[in-house]
Amino acid sequence: MRIFSLYRDFFVFLNKVTSRSERWGAYRRYYYHPHRKFLESLFSHFPLINSSSLKQRVEAIKKAHYGRLKNLISFCPPEKIIEESYRDCLRIISPVKEPDFYLFIGFFSPEGFVMDYLGEPVICFGLERFKDFSLFRILVAHEYAHFLLNLGRGAVADGESARWLLISEGLATYFSSLVFPGRKLSDHFLFSRDKLNWCQENERLLRDIYCSTRFSSEELVDFYFKGNPELNLPPRAAKYLGFTAVKRYLALQEKDIGLLFSDKEIALSLKL
């Protein structure tokens, strides 16, 4: 297991800048160029920023914007949290290949995700939106689960993308609950308690939307990330169906959870 702390060079860049006119050149010299392969891969996976808008974002940066994050990192090093959380994950499932972790600072990055980098899945954390690390251990376990799923056998057909999204998110949520059983269930969902209550109270609605043939797989994926006010559907609520499917399968079949990670066909066979 390796941890690449790219964010440290971002703070080097901030310390080198004394005027607005220097920001873009310093950003490229101290942060972008040393980590160009990773950042180009990142921007290709999340194409929200092109070179022109990136330059504008960089030129608008102020050192004070990152003071709170720098203090948080100094008091709670994310590397230590990753190392400890990864050891906890290994108590449940060991990988066939050790993961690499990347800690970086971008612009509007997801807090945690797995992406393909140099032909291998890697676990990434965009630090810029963290106000605290209270859920970071859970997030490490959650993304480790997605890493394991990436290593599993089989492929997901285009028509199964929505089903796979629900099951993979539910499986990652269930996995973190095994790793850290003392945490609140809403924490494992990365939800507020009220939102989890809504999911539990509206399971029939979720199933009516996601288990019918009323909507295409593409529409259901869009509903998952954005929600749908007309359907009274909040974003990401449907992961609750995936979680209950995993929980029900393991209770009835008395199977090892590792089977669901090792073979996508088995995971996709779960009844939502």
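**Figure 1. Leucine 241 is found in helix 13, which spans residues 239-253.** The structure shown in this and the following views is a predicted model. With a relative accessibility of 0%, leucine 241 counts as buried. Beyond its neighbours within four places in sequence, leucine 241 is in contact with Leu166, Glu203, Leu206, Arg207, Tyr210 and Leu272. Arginine 193 is separated from leucine 241 by 48 residues in sequence, and the distance between their C-alpha atoms is 17 Å.

**Figure 2. Serine 177 is part of helix 8 (residues 161-179).** Its relative accessible area is 16%, and serine 177 is therefore buried, the limit being under 20%. Apart from neighbours within four places in sequence, the contacts of serine 177 are with His188 and Phe243. Glutamate 40 lies 137 residues away from serine 177 in sequence, and 34 Å away in space from C-alpha to C-alpha.

**Figure 3. Serine 186 belongs to helix 9, made up of residues 185-189.** This serine is buried, as its relative accessible area is 3%. When neighbours within four places in sequence are set aside, serine 186 is in contact with Phe191, Ser192, Arg193 and Leu196.

**Figure 4. Helix 1 (residues 7-16) has Tyr7, Phe10, Phe11, Phe13 and Leu14 as its buried residues.** These residues lie on the same side of helix 1, because they cover an arc of only 150° around the axis. In general, an α-helix has 3.6 residues a turn, so residues three or four places apart point the same way. The elements against which the buried residues of helix 1 pack include two strands, namely strand 1 (2-5) and strand 2 (100-104). The buried residues of helix 1 also pack against helix 2 (20-32), helix 4 (51-59), helix 5 (67-75) and helix 6 (78-90).

**Figure 5. Leu54, Val58 and Glu59 are buried in helix 4.** Because the arc that they cover around the axis is only 130°, these residues are on the same side of helix 4. Among the elements covering the buried residues of helix 4 are helix 1, helix 2 and helix 3 (36-45).

**Figure 6. The largest pocket has a volume of about 1200 Å³.** Its lining is formed by 37 residues; those that lie nearest the centre of the pocket are Gly112, Phe113, Glu143, Glu169 and Arg236. Two or more residues of the lining come from each of strand 3 (113-117), helix 7 (136-151), helix 8 and helix 12 (217-226). The contribution of helix 7 to the lining is the most, at seven residues. By residue class, the lining of the largest pocket consists of 18 nonpolar, eight polar and eleven charged residues.

**Figure 7. Arginine 236 has a positive phi, near 65°, and is a residue other than glycine.** Arginine 236 is located in the loop that runs between helix 12 and helix 13. With 35% relative accessibility, arginine 236 counts as partly exposed. Arginine 236 is also one of the residues of the lining that lie nearest the centre of the largest pocket.

**Figure 8. Phenylalanine 108, although not a glycine, has a positive phi of about 60°.** The loop between strand 2 and strand 3 holds phenylalanine 108. Its relative accessible area of 51% makes phenylalanine 108 exposed.

**Figure 9. The structure contains zero disulfides.** Cysteine 89 and cysteine 199 serve as examples in this view. From the sulfur of cysteine 89, the closest cysteine sulfur is that of cysteine 124, at 16 Å, which is too far for a bond. Cysteine 199 likewise is in no disulfide, and the nearest cysteine sulfur, in cysteine 211, is 14 Å away. A disulfide requires the two cysteine sulfur atoms to be within 2.5 Å. Cysteine 89 counts as buried, with 0% relative accessibility. Cysteine 199 counts as buried at 0% relative accessibility.

Methods
Residues are numbered from 1 along each chain as its sequence is written. This is a predicted model: local features need pLDDT of at least 70, side-chain atom pairs count only at pLDDT 80 or more; totals for chains, interfaces and linings use all residues. Side-chain values use heavy atoms; hydrogens and water are left out. Buried means under 20% relative accessible area, exposed over 50%, partly exposed in between (1.4 Å probe, protein chains only). Helices (H or I, at least four residues) and strands (E, at least two) are DSSP runs, numbered from the N terminus. Contact means heavy atoms within 4.5 Å. The arc is that of the directions from the helix axis to the C-beta atoms. On a 1 Å grid over the protein atoms alone, a cavity is a set of points where a 1.4 Å probe fits but cannot get out, and a pocket is an open set with protein on both sides within 12 Å along at least five of seven lines; lining residues have an atom within 4 Å of a point. Grid points are joined across faces, edges and corners, and a volume is the space filled by probe spheres set on the points. Ala, Val, Leu, Ile, Met, Phe, Trp, Tyr, Cys and Pro count as nonpolar, Asp, Glu, Lys and Arg as charged, and the others, Gly among them, as polar.
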